[in-house]
Amino acid sequence: MNAIRTLVFLMVAILNSLNANAATLISQRFCADPSVHFFAGKFYLYATNDQDNSGKYWDSTDWRLFTSTNLNTWEDNGSFLSAKIFAWAGEKAKAWAPEAAERNHQYYFYAPVGGKQIGVAVSQSPQGPFKDARQSPLVESPRDQNAGDEPIDPAVFIDDDGQAYLYFGTRIPKVVALTKDMIHLQGEIKNVVINGFPADDAKKKYGEAPYLHKHQGLYYFSFSTGWPGQIVYATASSPLGPFQYRGVIIDYLPISTNHHAIIEHEGETTLFYHNKTAVSGGNFKRHIFQDKLTYTENGEINPISLAQ
Ligand code: FUB
C-alpha cells in the first residue's frame with residue numbers, strides 16, 4: 001500500500017513538473033477547506049484535518065496548519081488546534097472549514113463546530129496558541145436573527161477602509177459586518193443577493209463555501225454551487241452586493257463538496273481548493289491543490305483547467 005501511495009505521488013509530482021498549468025498538490029496529508037493568508041512575512045494555510053476523520057463523515061475534531069515562505073512548497077505543521085477550545089460547543093463539536101484574519105497584530109481564527117455555530121479564537125501569533133475569544137458562539141442558529149439553518153463556512157474580508165465583513169451560510173449566503181475587535185457582529189445579518197444566474201441551468205445557485213476578494217477595485221464573491229458543486233463567481237461594486245453572476249472558476253469535480261480560497265500577492269493570484277485523488281478516493285478524505293488564477297482584460301476570471 002505504501003509503495004502504491006509513493007508511486008502515485010511520484011506520478012503527480014512528475015505531471016506537475018511537466019505542465020506549469022497543472023494544479024499542484026500541497027501535501028500528501030488529507031486536508032480540505034483551505035483558508036490561505038499572508039501574515040507577518042509568511043503564508044499560512046489553515047485546513048479541515050481530513051487526516052483525522054473516520055472516512056465516513058466530516059467528523060475530525062481538529063484543524064491542520066501548513067506554512068510556506070514562497071507559496072510553492074508547504075511545511076506541514078500538523079494538527080494545530082482542537083475544536084475543544086470552544087468549550088460551549090460540547091462533546092459533539094466538529095472541526096469544519098476554518099478562516100483566519102489579522103488586525104493590529106492579533107490573529108483571529110473563525111470556524112464552524114458543526115452545523116449551527118461559528119466560534120472565534122484569538123492569538124498573538126498566526127500559529128497559535130489560540131484561545132476562545134468570547135466564550136460563546138460568534139454566530140449561532142437560531143439565536144441570531146437571519147443566521148440561516150446552517151451557519152457554516154466563515155469567510156472574513158477586510159476592506160481598504162478597515163471595515164471587516166463575515167460571510168457564511170449554506171444554501172442562502174449571509175453577510176454581516178464585524179466590530180473593530182473582530183469578535184462581535186455589527187448590525188443585522190443580511191442575505192447576499194446574487195443576480196443573473198443562467199436561466200437554463202437550475203444547478204447554478206448558491207450552495208456553500210463563500211469567499212470574497214477584491215481585484216482592481218471590484219468585489220468578487222465566489223462560492224460552491226452545491227453537492228457536487230462548481231466554484232463560480234459574481235461581482236459587485238460593494239462588498240455587500242448586490243452581485244452579478246459572471247461565470248465558473250472550477251467545474252464539477254468527482255467529489256461531493258468543493259471549497260476554495262483565493263489569495264492575491266505581489267500581482268499574482270493563486271487559487272486553492274480540495275479534490276479527491278487516486279489515493280484518497282473519497283468524499284471525506286480530501287486533498288488540497290493550488291493553481292494560478294488569471295483574469296481577462298474585462299476582469300473575468302479564466303476558469304482553471306483541471307489536472308485531476
Ligand atoms: O469539511 C466540512 C464541510 O465540507 C465544509 O464546511 C464544507 O465547506 C465542505 O467542504
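Roughly half of the surface here is carbon and sulfur: the accessible surface of the protein chain comes to about 13600 Å², and 50% of it belongs to those atoms. Keep in mind that this is a predicted model. On the inside, buried residues account for 56% of the 308 residues in the chain.

**Overall build**

- The protein chain has 1 helix and 22 strands.
- Its radius of gyration is 18 Å, close to the 19 Å that the globule rule gives for 308 residues, so the chain is as compact as a globular protein of that length.
- If you're setting up a box, the C-alpha trace spans about 55 × 45 × 40 Å along its principal axes.
- Take the contacts between residues at least 6 apart in sequence, and 48% of them join residues at least 24 apart.

**Charges**

- On the charge side, you get 26 positive and 31 negative side chains in the protein chain.
- The centres of those two sets lie 6 Å apart.
- The salt-bridge count comes to 10.

**The Asp33–Arg286 pair**

- Asp33 and Arg286 meet through their side chains in a salt bridge, at 4.0 Å from N to O.
- Asp33 sits in strand E2 (residues 32–39), while Arg286 is in the loop between strand E21 (268–275) and strand E22 (287–293), so the pair ties together parts that are 253 residues apart in sequence.
- Both partners, Asp33 and Arg286, are buried.

**The Lys292–Glu268 pair**

- Lys292 and Glu268 form a salt bridge too, with their closest N and O atoms 3.4 Å apart.
- Here the link runs from strand E22, home of Lys292, to strand E21, home of Glu268, so it ties together parts that are 24 residues apart in sequence.
- Lys292 is partly exposed, at a relative accessible area of 40%.
- Glu268 is partly exposed as well, at 43%.

**Other salt bridges**

- Lys204 pairs up with Asp201 in a salt bridge, and their closest N and O atoms are 2.8 Å apart.
- Lys204 has a relative accessibility of 11%, so it counts as buried, the cut-off being under 20%.
- Arg29, Arg64 and Asp76 go beyond a simple pair: they are linked in a network of salt bridges.

Conventions:
Residues numbered from 1 in each chain as written. Predicted model: local features only at pLDDT ≥ 70, side-chain atom pairs only at ≥ 80, totals over all residues. Heavy atoms only, no water. Helix = DSSP H or I, 4+ residues; strand = E, 2+ residues; numbered from the N terminus. Rg over C-alpha atoms; globule rule 2.2 N^0.38 Å. Buried < 20%, exposed > 50% of the residue type's maximum accessible area, 1.4 Å probe, protein only. Contact = heavy atoms within 4.5 Å. Areas by Shrake-Rupley, 256 points an atom, 1.4 Å probe, with all protein chains shown as cover. Lys, Arg positive; Asp, Glu negative; His and termini not counted. Charge placed at Lys NZ, Arg CZ, Asp CG, Glu CD.
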